[in-house]
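Q: I am new to reading protein models and would like a close look at one part of this one. Please take me through it slowly, and then show me what else can be read from the chain.

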Amino acid sequence: MTSPETDLVDAPVAATGSEWWRTAVIYQIYPRSFSDSSGDGIGDLPGITSRLDDLETLGVDALWLSPFQRSPQKDAGYDVSDYCDVDPLFGTLADFDDMLAGAHSRGIRVIVDLVPNHSSDQHVWFQEALAAAPGSPERARYLFREGRGLDGDVPPNNWESVFGGPAWSRVVEADGSLGQWYLHLFDSTQPDFDWSNPVVREEFRRILRFWLDRGVDGFRVDVAHGLVKAEGLPDHTPDPEGGSMGGDAADVPYWGQEGVHEVYRDWHELVAEYEGDRALCAEAWLPTPERTALWVRPDEMHQAFNFSYLETPWDAASLRDVVTSSLRAYGAVGAPSTWVLSNHDVVRHASRLALTAENPQGHGIGPNSPGKPVAELGLRRARAATTLMLALPGSAYLYQGEELGLPEVIELDDHVRQDPTWFRTGGERYGRDGCRVPIPWSSDAPAYGFSPTGDSWLPQPAEWAVLARDAQLADEASTLSLYRSLLASRRARHLGAGAVEWIEGLGDDVVAFRNGTVTVVANTGSTAVALPDGIVIASSAPVLGGTLPADAAVWLADD
Ligand code: NOJ
């Protein structure tokens with residue numbers, strides 16, 4: 001046994017009042033892949049309602065629902081055609097109300113996705129813009145510009161779509177001639193709004209109020225770093241290493257522009273008018289916690305996803321650094337840090353942590369990708385990484401299926417893929433379908449209980465029978481049991497409201513800290529390490545003889 005030294009790191013501001021979002025564990029539901037009640041192979045709102053008991057048993061504090069609003073589903077709902085209605089694929093507004101009431105009655109909060117950077121091209125505003133003339137108020141709600149070159153056939157600038165290809169598409173005017181171009185930072189079916197137009201600002205205030213009035217507890221704000229573009233839309237030379245959701249946002253004329261903060265100050269005030277601590281969470285891909293912390297200054301949003309943490313490799317020194325810099329950066333503006341390892345845009349961490357080749361965010365992995373992960377190693381590391389993450393103070397996000405240890409699905413046939421990234425890059429990037437496969441509930445049921453008919457919009461792998469929730473429930477060593485025990489202890493011991501006190505001296509490959517009554521030790525190396533004294537209350541792998549094996553993490557308590 002060692003006698004560790006300790007070093008106190010600035011803690012985030014402790015939870016005050018009922019600011020639930022400072023410490024909450026928030027579970028992301030990707031509705032189309034969670035639970036399908038209608039049998040059409042696509043998950044829906046009644047499906048979510050029917051599984052609320054499972055989520056309560058899991059022990060999460062809140063849910064975040066990816067978009068279920070009306071949408072042609074060109075980007076799985078991140079292309080909204082009516083912000084104030086439910087797409088018939090997912091049910092009705094009444095189904096939403098039932099789901100919300102069911103969650104609230106179990107003490108579970110619900111935040112919904114808001115997509116303000118762009119709409120669907122089927123949104124009535126964009127249809128009106130297409131029908132109207134250049135220079136009209138209808139066009140001024142989006143970013144229409146004349147092309148360059150003699151015939152205007154060169155896009156207005158050189159920006160590239162996050163999904164590949166140019167960020168501009170040209171329209172055919174009413175008289176049949178080729179006309180203006182419109183900006184779409186994502187797919188051509190997702191035209192960007194012009195946030196310098198007050199009409200756009202007013203419309204989003206209305207949308208926020210619509211959902212707040214219905215009782216939602218807050219919003220996850222899509223592309224929260226992208227709404228405002230640099231004056232004059234200047235050219236930009238993208239960094240090829242940048243990652244598809246934004247990468248290094250420094251100096252990119254469409255990410256992180258100063259003017260975007262004004263929008264969130266306005267929303268902060270609007271949200272504060274409502275009772276119950278409604279919250280805003282920024283999806284902002286920025287290079288450092290210091291940059292991201294600008295989105296959670298006291299008069300802006302309440303949380304921002306900590307993508308620096310998500311992108312940190314399974315390496316002790318890097319993990320210590322990112323935890324320290326996150327706690328400092330967010331703490332400095334009075335915000336909690338968040339922690340996240342997986343979501344619907346990234347390779348699931350049960351696979352990502354064992355990749356042996358570079359894999360830029362958003363590219364995905366498929367049959368021909370280099371450096372494919374060894375499944376056992378990935379799962380082992382994922383369990384350890386989650387054990388470490390859930391001991392950290394602040395708020396943590398979980399992505400549906402990670403509690404089952406689901407890996408990325410690599411072997412998807414080309415013809416079933418649906419991510420626009422796949423189409424816009426001609427198959428060069430696999431995209432994100434591999435983390436979106438419908439999740440398994442029952443090992444023996446059709447589609448593993450995802451849908452009553454056995455339909456599933458993406459095929460589920462045969463190996464998932466053993467990962468189904470029912471198969472894991474009774475198994476104390478399962479990943480589901482690990483998550484349940486971590487979540488129960490985190491809640492009972494108030495770890496979300498705690499602080500990190502680093503423990504040194506356990507070895508270079510070890511991350512160790514104390515949070516309240518719990519000592520956390522994670523071993524990222526390849527040999528076992530001796531543990532300090534303590535009672536094992538949770539561990540990602542068996543702890544024998546007072547040592548922690550490689551790629552494992554443990555929680556030790558004094559009592
Ligand atoms: C981020 C979302 O998480 C992603 O799924 C979507 O494709 C883009 N924003 C565009 O809305």
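Q: Which side chain does the side chain of Ser66 join in a polar contact?

A: In this model, which is predicted, the side chain of Ser66 makes a polar contact with the side chain of Gln28, at 3.1 Å. Ser66 itself sits in the loop that links β3 (62–65) to β4 (69–70). Its relative accessibility is 1%, and because buried means under 20%, Ser66 counts as buried. If residues up to four places away in sequence are left aside, Ser66 touches Gln28, Ile29, Tyr30 and Pro31, together with Tyr78, Asp113 and His344.

The strand that comes before this loop, β3, belongs to an open sheet of eight strands, whose order is β12-β11-β10-β6-β3-β2-β14-β13 and whose pairing is parallel. At the edges of the sheet stand β12 (303–304) and β13 (338–340), and each of them has a single partner strand, so one side of each is left without a neighbour in the sheet. For β13 that partner is β14 (residues 395–399), with three bridges joining the two strands in the parallel sense; in one of these pairings, Trp339 has Ala396 in β14 as its bridge partner. Helix α3 (residues 93–105) packs on the sheet, where α3 touches both β3 and β6 (109–114), and the direction of α3 makes about 140° with that of β6.

A second loop to look at is the one between α6 (260–272) and β11 (279–282), which holds Arg278. Arg278 has a relative accessibility of 14%, and so Arg278, too, counts as buried. The side chain of Arg278 reaches the backbone oxygen of Leu212 at 3.0 Å, and Leu212 is also among the residues that Arg278 touches, along with Gly215, Val216, Asp217, Val271 and His302, when residues up to four places away in sequence are not counted. Between the C-alpha atoms of Arg278 and Val409, which are 131 residues apart along the chain, the separation is 35 Å.

Another pair of strands, β8 (residues 168–172) and β9 (residues 178–183), runs antiparallel and is joined by four bridges. These two strands form a hairpin with five residues between them, and Gly176, which lies in the turn, has a positive phi of about 90°. Where the strands pair, Val172 stands opposite Leu178 in β9.

Key: Residues are numbered from 1 along each chain as its sequence is written. This is a predicted model: local features need pLDDT of at least 70, side-chain atom pairs count only at pLDDT 80 or more; totals for chains, interfaces and linings use all residues. Side-chain values use heavy atoms; hydrogens and water are left out. Buried means under 20% relative accessible area, exposed over 50%, partly exposed in between (1.4 Å probe, protein chains only). A polar contact is a pair of N or O atoms within 3.5 Å; within protein, one must be able to donate a hydrogen and the other to accept it, and residues adjacent in sequence count only if both atoms are side-chain atoms. Contact means heavy atoms within 4.5 Å. Two strands pair if DSSP finds at least two bridges between them. Axes are lines fitted to C-alpha atoms, for helices over the stretch in contact, and angles run from 0 to 180 degrees between N-to-C directions.
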